[in-house]
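Me: I am new to this structure and would like the terms explained. Please set each value against its cut-off.

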Amino acid sequence: MAAAPEPGEPAKGKPFKLLGILDVENIPCARDSILYGSLGSVVAGFGHFLLTSRIRRSCDVGVGGFILVTLGCWFHCRYNYAKLRIQERIAREGIKNKILYESTHLDPERKQTNGNSSN
């Protein structure tokens with residue numbers, strides 16, 4: 001009998017793939033984009049239906065709302081994700097250089113006292 005996974009641990013089962021190609025569990029931003037797109041679809045379709053009472057056109061507006069909101073959230077999230085990765089890389093390189101050049105003549109924080117002291 002298998003034990004149930006803890007609430008904070010990922011399940012070790014089959015990954016959830018949307019349309020068989022998009023692995024929602026492992027791709028950053030995919031889950032949020034799909035969820036916000038679904039909400040945008042419902043809001044756009046239902047709002048259009050309340051305004052016009054045209055069922056088919058409201059479904060078309062809902063599909064369009066899903067596509068627009070999903071793509072908008074996807075690009076916004078991926079832009080922020082890429083920006084964060086660049087900042088992390090710069091910080092990682094700075095820490096590596098700090099460790100590498102600490103207490104050497106190449107250390108930019110080390111004061112140069114070649115002949116400038118008046119003692």
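The questions and replies below go through a predicted model.

Me: What makes up the protein, in helices and strands?

Reply: The protein has two helices and two strands. Along the sequence they follow the pattern β-β-α-α. Helix α1 covers residues 30-52, and helix α2 covers residues 55-101.

Me: Why are α1 and α2 called roughly antiparallel to each other?

Reply: The two helices pack at an angle of about 150 degrees. An angle over 145 degrees counts as roughly antiparallel, and α1 and α2 therefore get that name. Their axes are 7 Å apart, and α1 passes α2 in a right-handed crossing.

Me: Which C-alpha distances link residues of α1 and α2?

Reply: Valine 42 lies in helix α1. The C-alpha atoms of valine 42 and valine 63 are 8.9 Å apart, with their positions 21 residues apart along the chain. Arginine 56, in helix α2, is 9.7 Å from glycine 45, C-alpha to C-alpha, and eleven residues away in sequence. Arginine 78 also has its place in helix α2. The C-alpha atoms of arginine 78 and alanine 30 are separated by 9.4 Å, although these residues are 48 apart along the chain.

Me: How do you know whether arginine 56 and arginine 78 are buried or exposed?

Reply: Exposed means over 50% relative accessible area. Arginine 56 has 68%, so arginine 56 is exposed. Arginine 78 has 30%, and a value between 20% and 50% counts as partly exposed. Arginine 78 is therefore partly exposed.

Me: What makes the contact between aspartate 32 and arginine 31 a salt bridge?

Reply: The closest N and O atoms of aspartate 32 and arginine 31 are 3.7 Å apart. A salt bridge needs a side-chain nitrogen of Lys or Arg within 4 Å of a carboxyl oxygen of Asp or Glu. The pair meets that cut-off, so the contact is a salt bridge. Arginine 31 has a relative accessible area of 52% and is exposed, while aspartate 32 has 38% and is partly exposed.

Me: How many salt bridges does the structure hold?

Reply: The structure holds two. Besides the pair of aspartate 32 and arginine 31, the side chains of arginine 89 and glutamate 93 meet in a salt bridge, at 3.9 Å from N to O. That distance is also within 4 Å, so the name applies here too.

Me: Why are arginine 89 and glutamate 93 separated by about one helical turn?

Reply: Because they are four residues apart in helix α2, arginine 89 and glutamate 93 are separated by about one helical turn. Arginine 89 has 42% relative accessible area and glutamate 93 has 40%. Partly exposed lies between 20% and 50%, so that term fits arginine 89 and glutamate 93.

Me: Which residues form the nonpolar patch on the surface?

Reply: The patch consists of Val42, Phe46, Phe49, Leu50 and Ile55, with about 520 Å² of accessible area together. Helix α1 gives the most to the patch, with four residues. Among the residues of helix α1 is phenylalanine 49.

Me: How do you know that phenylalanine 49 and valine 42 pass the accessibility cut-off for a patch?

Reply: A patch residue needs over 30% relative accessible area. Phenylalanine 49 has 32%, so phenylalanine 49 passes and counts as partly exposed. Valine 42 has 55%, so valine 42 passes as well and counts as exposed.

Me: What makes the phi of cysteine 29 and of serine 53 worth a remark?

Reply: Most residues other than glycine have a negative phi. Cysteine 29 has a positive phi, near 80 degrees, and serine 53 has a positive phi, near 60 degrees. Cysteine 29 sits in the loop between β2 (22-23) and α1. Serine 53 sits in the loop between α1 and α2.

Me: Why do cysteine 29 and serine 53 get their accessibility terms?

Reply: Buried means under 20% relative accessible area. Cysteine 29 has 10%, so cysteine 29 is buried. Serine 53 has 54%, which is over 50%, so serine 53 is exposed.

Me: What percentage of the protein do buried residues make up?

Reply: Buried residues make up 13% of the 119 residues.

Technical notes:
Residues are numbered from 1 along each chain as its sequence is written. This is a predicted model: local features need pLDDT of at least 70, side-chain atom pairs count only at pLDDT 80 or more; totals for chains, interfaces and linings use all residues. Side-chain values use heavy atoms; hydrogens and water are left out. Patches are made of residues with over 30% relative accessible area and no salt bridge: like charges are joined within 9 Å, nonpolar side chains (Val, Leu, Ile, Met, Phe, Trp, Tyr) within 5 Å. Accessible areas come from the Shrake-Rupley method with a 1.4 Å probe; for residues, only the protein chains shown count as cover. Buried means under 20% relative accessible area, exposed over 50%, partly exposed in between (1.4 Å probe, protein chains only). Axes are lines fitted to C-alpha atoms, for helices over the stretch in contact, and angles run from 0 to 180 degrees between N-to-C directions. Angles under 35 degrees count as roughly parallel, over 145 as roughly antiparallel, 65 to 115 as roughly perpendicular and the rest as oblique. A crossing is left-handed if the near helix is turned anticlockwise from the far one by less than a right angle, and right-handed if clockwise.
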